[in-house]
Amino acid sequence: MLKIDEIDVYYGDLQALWGVSLAVKDGEMVALVGSNGAGKSTLLKTVSGLLRPRRGSISYQGIRIDQQDAHKIVEAGISMVPEGRRLFPDMSVLENLELGAYLPQARQAQQKTLRWIYDIFPILRERETQAARTLSGGEQQMLAIARALMSQPRILLLDEITLGLSPLIVDNIFEVIKQVNKLNHIAIFLVEQNVVLALELSDTAYIIENGRIIGQGEAKALLESQEVKDAYLGIAPASGETD
Amino acid sequence: MDILQFAIYGLINGALYGMVALGLSLAYGIMGYLNVAQGHLIILGAYGSYWLFRIWGVDPFLSIPILMIILFIIGIILYMAVYSWLLKFQVISRLKSSLLISFGLMLVFENMAILLWTADERAVTTFYSGKVADIFGLRLPYIGLGTIGLAIIVVVALHLFLTKTYFGKAIRATAQDWEASQLMGINVARTYLVSFALSILIAAPAAAVISMRVISPGIGVEWTNYGLVLVILAGVGNINSILPAGLFLGLIEAISVYLVGAPYTGMAGLVVFVLVLLFKPQGLFKGRAAL
């Protein structure tokens, strides 16, 4: 289980998160929703080790990880799909996937993991030798997710993966995410502006506003709550903008 | 026939320029460091080759592996002592700070070399120095042939290392997006350390060749100049084009010597440099950066 306990995170002197606590149980799908600039990406960056909390703790399977380097956190089994995909643009699809399996254990299982990846994203096999920058937006997002899965994570962190994609591709990608979660028992912690979609898919959800968690509970229940309806559903587009 | 002979000398020089510039291009392409002390480090390596020859009679070509180890260690020490601190900065500050730091190092190395070995010019003279192979009336110096051979070996070996090995791929990934690289489990701090040391040790063959030409404490900056010109000609970070750019520059120089005479050798290179900066600042060679 991933446990975040009362963390404060700063960018320089600017405080971005205020006493945030949440938990992701093994095999669970958890959503963190909130508007732009609420602190969602900051939280994911902190979990993955790109930022450090000034106060509070983050632990995974009972071990503190909040002061560890990002590459150690991948080793612990937490893998992130960063906002904006952050692929290696001049490297081939296959090279991007190989880098996902950079760590020794993942490298050993690379061929097996790769076959699984090509099963769930067949288009990537076709694009294998192309440079990542030549892929379409949807394909790039698939590659970013596939690359994160190559490290054989126990938890997958997804930062705004629907941003800028067409509804059809978003459905396609979330089919795979659900499958990965249910069949492979990889816990999913996703951060979304697309509140409806995120709440429909997840087991548990948290709502973040101005760097503070202002609501939490069963995702389906939150979807029905008047508070969420008022705050988000009026303005949230049904499923992302078009490509 | 005469111009062909000049062209051969130009290609030999060009191969050496290429080997000198590789390390500069690597450090800049991977980390955003502009290490203008590179030429002086090469001269230190050349002194190493000189003394290995003088004391133990080691042939300069055979001294290359030893020089690689020495330069690798110097690279590690330099990186840990002065360059690792720059990583927390944005790329543009890394460039400026590394320029200042390496300029300081340049002065230190130069004066150190004068103190240790005096300002005299020296060179290794082997039994094959000055000997040439004669093919259809063209004179091919053995050392020159060795230089071209070394340049090809170095470029191919570097290419294979960067594209076929896991660590090489990690280096390229780090050059493209160091933050995302961390998310792959890549230890970026270590990757930078090794990359910097690599950018120094890769100059070992150039150092060995230069030791057979002429070495003095003051000529480091000339080699750095050649390196910088090539980095621009090839396109910044485009290490695959460094050797072609070197050969191109060597040829231009040779042709200018043929046409207007030897005193203007250095001029020709600088004129090309300025023209490229004016009209094609992205570099002469097509294709994207290999890093």
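Begin with chains A and B together: the contact between them takes 17 residues from chain B and 20 residues from chain A. On the side of chain B that touches chain A, the elements giving two or more residues are α6 (166–176) and α7 (178–183) of chain B. Of these, α6(B) gives the most, with six residues. By class, this side of chain B has eight nonpolar, four polar and five charged residues. Please bear in mind throughout the tour that the model is predicted.

**Stop 1: helix α2 of chain B**

Select residues 38–56 of chain B, which form helix α2. How far apart should the ends of α2(B) be? At 1.5 Å a residue, its 19 residues should span 27 Å, and the end C-alpha atoms are 26 Å apart, which agrees. Is α2(B) mostly open or largely enclosed? Of its 19 residues, 15 are buried, so the helix is largely enclosed by the rest of the structure. A residue counts as buried if 20 or more other C-beta atoms lie within 10 Å of its own. Step just past the end of α2(B) to G57(B), which takes a positive phi of about 70°.

**Stop 2: α2 against α3 in chain B**

Keep α2(B) selected and add helix α3, residues 60–83 of chain B. The axes of the two helices come within 9 Å and cross at roughly 135°. That angle makes α2(B) oblique to α3(B), and the crossing is right-handed. To see the contact itself, show the side chains of L41(B), G45(B), G48(B), S49(B), L52(B) and F53(B) in α2(B). Their partners in α3(B) are P60(B), S63(B), I66(B), L67(B), I70(B), L71(B) and I74(B). By class, the residues of this contact divide into nine nonpolar, four polar and no charged. A general point helps in reading such lists: an α-helix has 3.6 residues a turn, so residues three or four places apart point the same way.

**Stop 3: helix α11 of chain B**

Move to residues 242–260 of chain B, which form helix α11. Its 19 residues should span 27 Å at 1.5 Å a residue, and the end C-alpha atoms are 27 Å apart, which agrees. Which residues of α11(B) are buried? They are I242(B), L243(B), A245(B), G246(B), L247(B), F248(B), L249(B), G250(B), E253(B), A254(B) and S256(B). Display the surrounding elements as well: what covers these buried residues includes α1 (2–31), α5 (142–164), α10 (220–234) and α12 (265–279) of chain B. After the helix comes G261(B), whose phi is positive, near 105°.

**Stop 4: two partners of α11 in chain B**

Select α1(B) beside α11(B) to view one of these neighbours. The two helices pack at an angle of about 140°, with their axes 6 Å apart. That makes α1(B) oblique to α11(B), and α1(B) passes α11(B) in a right-handed crossing. The contact of α1(B) with α11(B) has 19 nonpolar, seven polar and one charged residues.

Now exchange α1(B) for α12(B). The axes of α11(B) and α12(B) come within 8 Å and cross at roughly 130°. The helices are therefore oblique to each other, and their crossing is right-handed. On the α11(B) side, show L249(B), I252(B), E253(B), S256(B) and V257(B); in α12(B) they meet T265(B), A268(B), G269(B) and V272(B). This contact has five nonpolar, three polar and one charged residues. Among the residues just shown, L249(B), E253(B) and S256(B) are buried.

**Stop 5: V236 in chain B**

Select V236(B), which is found in the loop between α10 and α11 of chain B. With 16 C-beta neighbours inside 10 Å, V236(B) counts as partly exposed. Leaving aside neighbours within four places in sequence, V236(B) is in contact with Y28(B), G29(B), V231(B) and G283(B). P281(B) is 45 residues away along the chain, and its C-alpha atom is separated from that of V236(B) by 9.3 Å.

**Stop 6: I120 in chain A**

Finish in chain A by selecting I120(A), which lies in helix α5, residues 110–120. I120(A) is partly exposed, with 18 other C-beta atoms within 10 Å. Not counting residues up to four places away in sequence, I120(A) touches V176(A) and Q179(A). Where is S57(A) relative to I120(A)? The two are 63 residues apart along the chain, and their C-alpha atoms are separated by 35 Å.

Definitions and conventions: Residues are numbered from 1 along each chain as its sequence is written. Chains are lettered from A and ligands numbered from 1 in the order in which they are written. This is a predicted model: local features need pLDDT of at least 70, side-chain atom pairs count only at pLDDT 80 or more; totals for chains, interfaces and linings use all residues. Helices (H or I, at least four residues) and strands (E, at least two) are DSSP runs, numbered from the N terminus. The expected span of a helix is 1.5 Å times one less than its number of residues. A residue is buried if 20 or more other C-beta atoms lie within 10 Å of its own, exposed if 12 or fewer, and partly exposed in between; C-beta atoms are placed from the backbone. Two residues are in contact if their C-beta atoms, placed from the backbone, lie within 7 Å. Ala, Val, Leu, Ile, Met, Phe, Trp, Tyr, Cys and Pro count as nonpolar, Asp, Glu, Lys and Arg as charged, and the others, Gly among them, as polar. Axes are lines fitted to C-alpha atoms, for helices over the stretch in contact, and angles run from 0 to 180 degrees between N-to-C directions. Angles under 35 degrees count as roughly parallel, over 145 as roughly antiparallel, 65 to 115 as roughly perpendicular and the rest as oblique. A crossing is left-handed if the near helix is turned anticlockwise from the far one by less than a right angle, and right-handed if clockwise.
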